[in-house]
Amino acid sequence: MEIERRNNVMVTGNPHGRTVVLAHGFGCDQNMWRLTVPALVEDYRVVLFDYVGSGRSDLSAFSEARYASLSGYAQDVVDVCEALDLRGAVFVGHSVSSMIGVLAAGMAPERIGALVMVAPSPRYIDDEGYRGGFTAEDIDELLDSLESNYLGWSAAMAPVIMGNAERPELGEELTNSFCATDPAMARVFARTTFLSDSREELKAVSVPTLVLECTQDAIAPREVGAFVHQAIPGSTLLTLEATGHCPHMSAPEATNDAITGFLAGLR
């Protein structure tokens, strides 16, 4: 189908199990979930995809106007769910995809029945009474650097985002992923990500939600995890024994145990 080609959709796992949709973050693609998929495929039907502009998606489908807001990426999610006729799927989003999942669940509530947020942040810029981890000047500098020298920015920032300096191969993998993304499209996604503010949308979440944070995360400090948990009625907050912003890569066992434990408790 057209949508499945556009977003490089892959379906694997147990065809009779509940569907789990795995959504990657900025500068990544579905391959970043390769350590999570084996923990799910026996019991769950697993859907992987790439946002337009990322991974092996159809780059000709990219539109700066559409993807200049998170709702454009949320529409990608809804399109995939509709193409596969998903009902009550569990959406697992990493980083900015956590907020994209919130928007998608609001757009198509019959399609998404639960959320897992891995290292989420509804707003990266500090605000009165809110700590996002960055000042407005920090984000301006980050975006200026990214736009002037994307490959250099990727090489400098990916290891910081990944953390785990004692395991440089993790930072190198994220660097390679960033560098494999079309720079023009990555600039749009970055600006959309780092300037977004989805705090209000959190209050409307009405599905079971698991919030996963790390003990140390340069992108989403623990105050952010606490904020997301408090904003979403009935959500569960779990702090992983993991450092960095990508625990599904740096601490896959702890991350997978948290996800599968949450899934087992769903009706």
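Me: In what order do the strands of the open sheet of 7 strands stand?
Reply: This is a predicted model, and its description may begin with the sheet. The sheet is open and its pairing is mixed. Its 7 strands follow the order β1-β3-β2-β4-β5-β6-β7.

Me: Which strands stand at the edges of this sheet, each with a single partner strand?
Reply: A strand with a single partner has one side left without a neighbour in the sheet. Two strands are placed in this way, one covering residues 10-13 and the other residues 236-243. The edge strands are therefore β1 and β7.

Me: By how many degrees are neighbouring strands of this sheet turned against each other on average?
Reply: The value is an average over neighbouring strands of the sheet, with their direction ignored. It comes to 20 degrees.

Me: Which residue of β3 does Val20 stand opposite?
Reply: Strand β2 spans residues 19-23 and strand β3 spans residues 45-48. The two run parallel and are joined by 4 bridges. Within this pairing, the residue opposite Val20 is Val46.

Me: Which strands of the sheet does helix α4 touch?
Reply: Helix α4, residues 96-107, packs on the sheet. Its direction makes about 165 degrees with that of β5. The strands that α4 touches are β2, β4 and β5.

Me: How many residues of strand β5 are buried?
Reply: Strand β5 covers residues 112-118 and is largely enclosed by the rest of the structure. Strand β4, residues 89-94, runs parallel to β5 and is joined to it by 6 bridges. In that pairing Ala89 stands opposite Ile112. The number of buried residues in β5 is 7 of the 7.

Me: Which helix gives the most residues to the largest nonpolar core?
Reply: In soluble globular proteins, nonpolar side chains tend to be buried together. Here the largest nonpolar core has 70 residues, and Tyr51, Val77, Met117, Leu174 and Phe178 touch the most other members. The leading helix gives 8 residues to this core and spans residues 70-83, namely α3.

Me: With which residues is Val77 in contact, leaving aside its neighbours within four places in sequence?
Reply: Val77 is one of the residues that touch the most other members of the largest core. With those sequence neighbours left aside, Val77 is in contact with Phe49, Tyr51, Phe91, Ile100, Ala104 and Ile112.

Me: How many residues make up the other core, which lies apart from the largest one?
Reply: Among the members of this other core are Val46, Val118, Leu212 and Ala242. The core has 24 residues.

Me: At what angle do helix α6 and helix α7 pack?
Reply: Two packed helices are described by the angle between their axes and the distance between the axes. Helix α6 covers residues 150-162 and helix α7 covers residues 168-180, with their axes 8 Å apart. The crossing of α6 and α7 is right-handed. The angle is about 145 degrees.

Me: How many nonpolar residues does the contact of α6 with α7 have?
Reply: On the side of α6 the contact includes Leu151, Trp153 and Ile161, and on the side of α7 it includes Leu170, Leu174 and Phe178. By class, 3 residues are polar and no residues are charged. The nonpolar residues number 12.

Me: Is Asn164 buried or exposed?
Reply: Asn164 is placed in the loop between α6 and α7. Its phi is positive, about 55 degrees, although Asn164 is not a glycine. The cut-off for a buried residue is under 20% relative accessible area. At 10% relative accessibility, Asn164 is buried.

Me: How far apart in space are Glu166 and Arg87, C-alpha to C-alpha?
Reply: Glu166 also has its place in the loop between α6 and α7, and at 59% relative accessibility Glu166 counts as exposed. In sequence, Glu166 and Arg87 are 79 residues apart. Their separation in space is 42 Å.

Me: What is the relative accessible area of His248?
Reply: His248 lies in helix α11, residues 247-250. Not counting residues up to four places away in sequence, His248 touches Met32, Trp33, Leu35, Thr36, His94 and Thr255. His248 is buried, with a relative accessible area of 2%.

Definitions and conventions: Residues numbered from 1 in each chain as written. Predicted model: local features only at pLDDT ≥ 70, side-chain atom pairs only at ≥ 80, totals over all residues. Heavy atoms only, no water. Core = buried A, V, L, I, M, F, W, Y, C linked by side-chain atoms within 4.5 Å. Buried < 20%, exposed > 50% of the residue type's maximum accessible area, 1.4 Å probe, protein only. Contact = heavy atoms within 4.5 Å. Axes fitted to C-alpha atoms, helices over the stretch in contact; angles between N-to-C directions. Left-handed = near helix turned anticlockwise from the far one by under 90°. Nonpolar A, V, L, I, M, F, W, Y, C, P; charged D, E, K, R; others polar. Pairing = 2+ DSSP bridges.
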